[in-house]
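This report looks at charged side-chain pairs and cysteines. The sequence and the structure come first, and the text follows.

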Amino acid sequence: NATAIRDPEGRPLRTVATIEDITERNRAEEELKEREELYRLIADNSTDMISKHTPEGIYTYASPACRSLLGYEPEELIGHSAYEFFHPEDLEAIEKAHSSIRKLPETYTVSYRIRRKYGSYIWFETTSRTIRELETGAVQEILATSRDITERKRIEEEKLRLAEHMKLLLESTDEGIYGVDLQGTCTFLNRSATQMLGYVPEELIG
């Protein structure tokens, strides 16, 4: 920074300058720039959708994966609240997760349904964490990584349905059926088996 010293007529007499060493500041700025470029490179090439949000949940960034996962261009999400896209039945769980994220300096994972561009819903699993102001701890932004778990959910629901069907089948048959582990310990028996043996399940299981 330089300041000119002038005489009463306004003519310059001398210049006073202050010099500041900004090497460390420049180094820090370069490192920050490199990290941001690396983060953007990873985000742009990830099959997961990486997004940034305000503390209130407004999109400030969405990676290109949003095109294949949700059918939206990044520009169609930025400026909108993520709450606009959640399934109504999942709002309570998401609001609870959102509240926890803002209160605690930890990552949080939640599963929910999200609406694609043309109205259909898919299952998302999102892991989020906060970026906080160093001195106050106030949340500056929320970083989220989301993936499509629709197929995983379908398989889980199919397994649950088959388990319920098997349970109904075992309880409706007149044949006594029981199960044991590799040590021969009883782990399961149906209603007919207990009636045949004259025990209640608690007397045999284990």
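A salt bridge is counted here when a side-chain nitrogen of Lys or Arg lies within 4 Å of a carboxyl oxygen of Asp or Glu. In this predicted model, the structure holds ten salt bridges. Three of them are described below, beginning with their N to O distances.

| Basic residue | Acidic residue | Closest N to O distance |
|---|---|---|
| Arg 147 | Asp 48 | 3.3 Å |
| Arg 152 | Glu 125 | 2.7 Å |
| Arg 154 | Glu 151 | 2.7 Å |

**Arg 147 and Asp 48**

The salt bridge between Arg 147 and Asp 48 has its closest N and O atoms 3.3 Å apart. This pair links distant parts of the chain, with the two positions 99 residues apart in numbering. Arg 147 belongs to strand β7 (residues 139–148), while Asp 48 sits in the loop between α1 (23–45) and β3 (49–53). Arg 147 is partly exposed, with a relative accessible area of 26%. Asp 48 has 19% relative accessibility and therefore counts as buried, because the cut-off for buried is under 20%.

**Arg 152 and Glu 125**

Arg 152 and Glu 125 form a salt bridge at 2.7 Å between the closest N and O atoms. Arg 152 lies in helix α5 (residues 150–172) and Glu 125 in strand β6 (residues 121–132), so the salt bridge ties together parts that are 27 residues apart in sequence. Arg 152 is partly exposed at a relative accessible area of 38%, whereas Glu 125 is buried at 15%.

**Arg 154 and Glu 151**

Arg 154 and Glu 151 meet through their side chains in a salt bridge of 2.7 Å, N to O. Both residues lie in helix α5, three residues apart, which is about one turn of the helix. Arg 154 is partly exposed at 45% relative accessibility, and Glu 151 is partly exposed with a relative accessible area of 45%.

**Network**

Which residues are linked in a network of salt bridges? The network consists of Asp 48, Glu 125, Arg 147, Arg 152 and Glu 156.

**Cysteines**

A disulfide is a covalent bond between the sulfur atoms of two cysteines. A search of the whole structure finds zero disulfides. Among the cysteines, Cys 66 has 0% relative accessibility and counts as buried. Cys 186 is buried as well, with a relative accessible area of 15%.

Notes: Residues are numbered from 1 along each chain as its sequence is written. This is a predicted model: local features need pLDDT of at least 70, side-chain atom pairs count only at pLDDT 80 or more; totals for chains, interfaces and linings use all residues. Side-chain values use heavy atoms; hydrogens and water are left out. A disulfide is a pair of cysteine sulfur atoms within 2.5 Å. Buried means under 20% relative accessible area, exposed over 50%, partly exposed in between (1.4 Å probe, protein chains only). Helices (H or I, at least four residues) and strands (E, at least two) are DSSP runs, numbered from the N terminus.
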